[in-house]
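Student: I want to go through the salt bridges here. Can you show me the model?
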Amino acid sequence: MAGSYPYRIPPQQNGMASKILLLLTALPLTLALFAFVLQWRGGLNDPAGRWAGDSNKFPGMSTDSPSNGHSVTGSDCSDRLAQSASPTFPYYRGWTFEFAADTRPKICITTSTSAGLDQILPWIYYHKVIGVTNFLLFVEGKAAAANTSAILENIPGVKVVHRTKDLEEKQAKSRIWNETWLSSFFFRPCNYELFVKQSLNMEMAIVMAREFNMDWIIHLDTDELLHPAGAREYSLRQLLLDVPKNVDMVVFPNYESAIERDDIKEPFSEVSMFKKNYDHVTKETYFGLYKEATRGNPNYFLTYGNGKAAARVQDHLRPNGAHRWHNYMKSPNEIKLEEAAVLHYTYSKFSDLTSRRDRCGCKPTKEDVKRCFMLEFDRSAFIIASTATEEEMHHWYRDRIVWTDKDLNLKLIRKGLLTRIYAPMVIVQGLKEAGVFSNALASGHAVLEKSMSKEKFLSSMSDSSRTNSSVAQAVENKDGDKHQAKLMEKVGEGEMQAATRKLLETSIHTVMAVPPLAPPSLDVYTGSF
């Protein structure tokens with residue numbers, strides 16, 4: 001067609017386009033080759049691979065890892081998946097609670113209890129989950145029954161000490177019995193008697209803890225659980241591992257259970273709401289909502305408010321009542337934890353009213369209960385349980401103890417006086433579902449039946465055979481008997497070292513025993529103005 005010519009790209013422009021295309025193709029290849037060379041020579045710090053050799057692993061994960069250059073087998077992968085299935089609780093390990101011999105710190109809990117297995121077993125295994133290695137149980141009542149003791153003694157790390165006449169005679173010669181700091185609690189019934197027993201048992205527990213090479217010792221009741229909040233993982237071991245070396249005693253402020261039903265049977269797995277300690281809330285919030293939080297009761301807490309303490313096991317350590325520890329040669333350096341707490345499940349079951357009444361022989365009068373109970377609410381509860389009908393007791397229990405007002409509960413939760421804590425519920429329910437408690441019962445029963453069968457066999461033998469078997473049994477048990485006697489000799493220093501004690505008491509200021517104390521009242525706040 002006239003006047004039309006095909007369009008042609010100038011040679012110069014065509015060459016430029018080819019160069020740009022070549023550059024765009026070569027640049028990614030060059031960068032990829034450069035990255036490969038760096039990684040092959042070990043010069044690339046890949047964030048994705050950094051965790052393999054990092055000692056700062058996620059909380060609760062095992063420290064065992066394959067070394068560099070070793071392949072990971074299928075079984076290794078399954079092991080790691082199993083370990084990471086519950087990274088929050090570092091002592092899960094299939095609920096076997098196998099602690100390494102060099103685990104540090106080693107922690108023991110001592111208690112004086114008459115509770116049954118329904119309370120003691122969850123209490124022990126919960127604390128095993130959070131890292132407690134040993135338990136020193138001073139038992140009487142239901143806890144001292146043959147069946148119960150056999151089951152408890154079969155649990156690794158548990159030492160059971162029965163309250164026998166011989167034990168009482170030895171403790172009557174112990175060091176603290178012959179000192180003045182505890183003497184104001186002597187020869188008084190009910191709670192005062194329990195307080196003295198606890199102190200004497202704690203003195204013996206210190207000796208045992210040293211022999212077992214423990215690092216920390218804690219006194220708890222079996223209606224209390226430690227809540228190691230504030231640690232890098234939900235671990236009491238990790239919490240105490242982070243305590244400075246110069247600290248001798250760690251105070252755990254106590255939280256008190258705030259039950260929402262009156263039909264609770266298993267508090268550890270049914271209660272999630274707690275009233276926070278004065279030390280963990282602001283002064284303005286505490287006193288500003290004091291009347292609403294008290295609900296007509298004598299004080300902010302139903303019972304004590306001065307927490308419990310853990311002490312380093314060291315020379316000259318002694319108990320200072322059930323709530324604190326002290327040292328004969330110095331004033332302990334103590335700290336109070338800002339997040340961790342002792343969860344106290346007090347009066348969490350309706351039966352707690354009658355059980356306290358049945359343990360005490362005091363008269364249900366305002367005057368007589370003062371010599372039996374240290375705290376005002378315990379006195380009121382004892383009088384109600386001793387004088388009221390079943391219906392009246394239920395009404396009083398719901399009015400004074402059960403938190404049925406949901407609007408008030410929500411208000412106090414938002415203000416920070418009440419809080420929800422679910423970790424103990426999760427752990428205890430998990431233990432139960434995993435069959436830990438039923439396995440402990442079955443194993444203990446098997447040991448008891450074996451022991452009873454052996455006794456029955458021995459009783460059917462001739463007199464000479466029975467004599468020989470008695471000798472054999474004495475040989476079998478001599479280590480335990482000698483150990484118990486040795487402990488009692490160490491505790492019972494009283495008469496032999498009276499002069500030394502008097503010298504110490506005159507040269508060192510005597511710190512009186514710390515009893516269970518109520519938290520600050522509203523009178524304290526108004527009286528400061």
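Tutor: Start with the term: a salt bridge is a side-chain nitrogen of Lys or Arg within 4 Å of a carboxyl oxygen of Asp or Glu. Keep in mind that this is a predicted model.

Student: How many salt bridges does the structure hold?
Tutor: There are 23.

Student: Give me one. Which side chain does arginine 163 meet?
Tutor: That of glutamate 168, at 3.5 Å from N to O.

Student: Is glutamate 168 buried or exposed?
Tutor: Neither; glutamate 168 is partly exposed, because its relative accessible area is 41% and that class runs between 20% and 50%.

Student: Next one. What does arginine 420 form a salt bridge with?
Tutor: Glutamate 260, and the closest N and O atoms are 2.7 Å apart.

Student: Where do the two sit in the chain?
Tutor: Arginine 420 is in strand β14, residues 418–420. Glutamate 260 is in the loop between β7 and α8. They are 160 residues apart, so this pair links distant parts of the chain. Arginine 420 is partly exposed at 32% relative accessible area, and glutamate 260 is partly exposed at 34%.

Student: What about lysine 432?
Tutor: Its side chain meets that of glutamate 266 in a salt bridge, 3.3 Å from N to O. Lysine 432 lies in helix α15 and glutamate 266 in the loop between β7 and α8, so the pair ties together parts 166 residues apart in sequence. Glutamate 266 has a relative accessible area of 38%, and lysine 432 has 47%.

Student: Which residues do shared partners join into one network?
Tutor: Glu140, Glu193 and Lys197.

Definitions and conventions: Residues numbered from 1 in each chain as written. Predicted model: local features only at pLDDT ≥ 70, side-chain atom pairs only at ≥ 80, totals over all residues. Heavy atoms only, no water. Buried < 20%, exposed > 50% of the residue type's maximum accessible area, 1.4 Å probe, protein only. Helix = DSSP H or I, 4+ residues; strand = E, 2+ residues; numbered from the N terminus.
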